[in-house]
Amino acid sequence: MNKHLISATAFAALLTCMSCNNNKELIEKNPLQQKVEEFASFELTADISHLSANEKELLGIFIDIAQIMDDLFWQQSYGDKSLIDTISNEWAKRFAQINYGPWDRLGNMAPFIEGYGEKPAGACFYPADMTKEEFEQLADENKESQYTVITRDNEGKLQVVWYKDYYKAQLDKVCELLVKAINLTDNAEMKKYLETRLQAFKTDNYFDSDMAWMDMKNSNIDFVVGPIENYEDKLFGRKTAYEAFVLIKDLEGSKNLSKFIAMLPSLQQELPCDAKYKQEVPGTSSDLNVYNAVYYAGDCNSGSKTIAINLPNDERVHLQKGSRRLQLKNAMMAKFDKILVPIANVVVNEDQLDNVKFDAFFWNVTFHEVAHGLGIKNTITNKGTVRVALGEQYSAWEEAKADILGLFMVQKLIERGEITNITVEDAYVTFIAGILRSVRFGTSSAHGNANLMCFNSFEKNGAFYRDENGKYIIDMSKAQQAMEQWAALILQVEGDGDIDYAIKYYQENGQINDNLKADLEKIANANIPRDIDFIQGKKSLGLE
């Protein structure tokens, strides 16, 4: 490995060091106060004057359910939320709330409370002392389910327990609240989704409710809830974590997006890769809309905050109906204004600063989510789905795919005249500035890993160079070539399900080099927030 690359362990130390060396005022602060202040506060609110009385009451019920999801995620991530009550230092307590435990999610899961070591890779989905070999020897066909917990019986042997049984007390409360919501709603699509989601919580079979959610396109409010993403399971990348989003549809912002879904099959055929890696046809029943988020809970609220949603994750749903892409405009604007623009001012050459635009950021993020539906879902090498074949590598490579194919799609749609409010140069300059925003999430994040690989691929292929002041100048010709080369490689790795190559490539190209280290130090010295922290709840919406 290149001696100028820094390991994941050193990356955590680097981020901490950069935060501590900014100036005398910062050095005098409690280190954990500095950590907390790296998250810029932002209140989640929205205009709800157009909602009916029943819809406003539904919002309150959804927030109540979301708070239970939040408690469940604590149980999955750490084990017992009462940790908060044992912490006397106010800054350590707040930082533990942000991270859902004593490990720094944007600092490669380094412990920040004395007495804690490394976080178990399997979080609380598996016994902390379980080995992979022991898991492989467990003879239970449900052990690999997304919705089971592995525990030990009274004799110390591994056993499989369904979520519906393991988390029964909390889920019973969720079901009671869902019944209230079902009786309140007069929207047929919402009612069907809530009814099927109720059954899903009782059975751990989420397919029918995912299909029903795909059809819920005409509601003023939306509710994403359940065990959904597998980021928290870093042992096998299988078990899903509880989360919830409460959303209000931006009717005006959603009007012009629906036309893009019909273009997916043609965009799939234009992907810069061998034809065998684009033989699947993406569904066109997908939904692309804009929302304002009013509540985040659980997995989606831990550490870095997502600003767009692409669900469901079930490949069977993708092939039948596609997926729904929900752009969270208020959260997106918060990250652009508070983080991306200040970063660009530090690292982008003045001649290209005008190319850093919110509209470019919006389109890049929007088509990142759409791009999850492109490429291939089932390997061409008979290794099953890409998700299963790549195992713990899947999340990082899938996020890398979405990043680069999102940029590919934005470029193609600009060239077709479908996107008219930005240029191709705007898209690329904003994208590369965005890499420096996301890479600060660290290597404990799939998004951080994806951006490190992309950054190194782009740099090696000359997509950008630095002027005499160390500021980036994007070479548009080489940047477009770098995009196509990186996209082709990702699609091949996923299509082949080549986990050995995925591991090797990341080990060689997913690390921070000296140039990037210098860039991150400049950003840290400018006291730019690393992410956002929400003020949210019924009070923020005027519901209490």
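**Figure 1. F223 and its aromatic partner F62 in the predicted model.** In this predicted model, F223 has a relative accessibility of 0% and therefore counts as buried. F62, likewise at 0% relative accessibility, also counts as buried. The ring centres of F62 and F223 lie 4.2 Å apart and the ring planes meet at 10°, so the two side chains form a stacked pair, the planes falling under the 30 degrees that stacking requires. The pair joins distant parts of the chain, since F62 belongs to helix α4 (residues 53–77) and F223 to strand β6 (residues 221–229), with their positions 161 residues apart in sequence. In the structure as a whole there are 35 aromatic pairs.

**Figure 2. An aromatic cluster and two charges placed over rings.** One aromatic cluster is formed by Y147, Y163, Y166, Y167, F201, Y206 and Y242. Two further close-ups show a charged side chain with an aromatic ring: R324 lies over the face of W213, at 4.3 Å from the ring centre, while the charged end of K305 sits over the ring of F534, at 6.0 Å from the centre of that ring.

**Figure 3. Residues of the largest nonpolar core.** The largest nonpolar core comprises 180 residues, among which F201, I404, F458 and W486 touch the most other members. F201 is thus a residue of this core as well as a member of the aromatic cluster in the preceding figure. When neighbours within four places in sequence are left aside, W486 is in contact with W397, A400, I404, M453, C454, S457 and Y505, and I404 in that list is itself named with W486 among the core residues that touch the most other members.

**Figure 4. Helix α17 and the glycine that follows.** Helix α17 (residues 394–415) contains 22 residues and spans 31 Å from its first C-alpha to its last, which is close to the 32 Å expected at 1.5 Å a residue. Of these 22 residues, 20 are buried, so α17 is largely enclosed by the rest of the structure. After α17 comes G417, which has a positive phi, near 85°.

**Figure 5. The surroundings of G253 in helix α11.** G253 is located in helix α11 (residues 251–254). With a relative accessible area of 26%, G253 is partly exposed, because this value lies between the 20% under which a residue is buried and the 50% over which a residue is exposed. The C-alpha atom of G253 is separated by 5.7 Å from that of V290, although the two residues are 37 residues apart along the chain.

Conventions:
Residues numbered from 1 in each chain as written. Predicted model: local features only at pLDDT ≥ 70, side-chain atom pairs only at ≥ 80, totals over all residues. Heavy atoms only, no water. Phe/Tyr/Trp six-rings, centres within 6.5 Å; stacked < 30°, edge-to-face > 60°. Helix = DSSP H or I, 4+ residues; strand = E, 2+ residues; numbered from the N terminus. Buried < 20%, exposed > 50% of the residue type's maximum accessible area, 1.4 Å probe, protein only. Lys NZ or Arg CZ within 6 Å of the ring centre and 35° of its normal. Core = buried A, V, L, I, M, F, W, Y, C linked by side-chain atoms within 4.5 Å. Contact = heavy atoms within 4.5 Å. Expected span 1.5 Å × (residues − 1).
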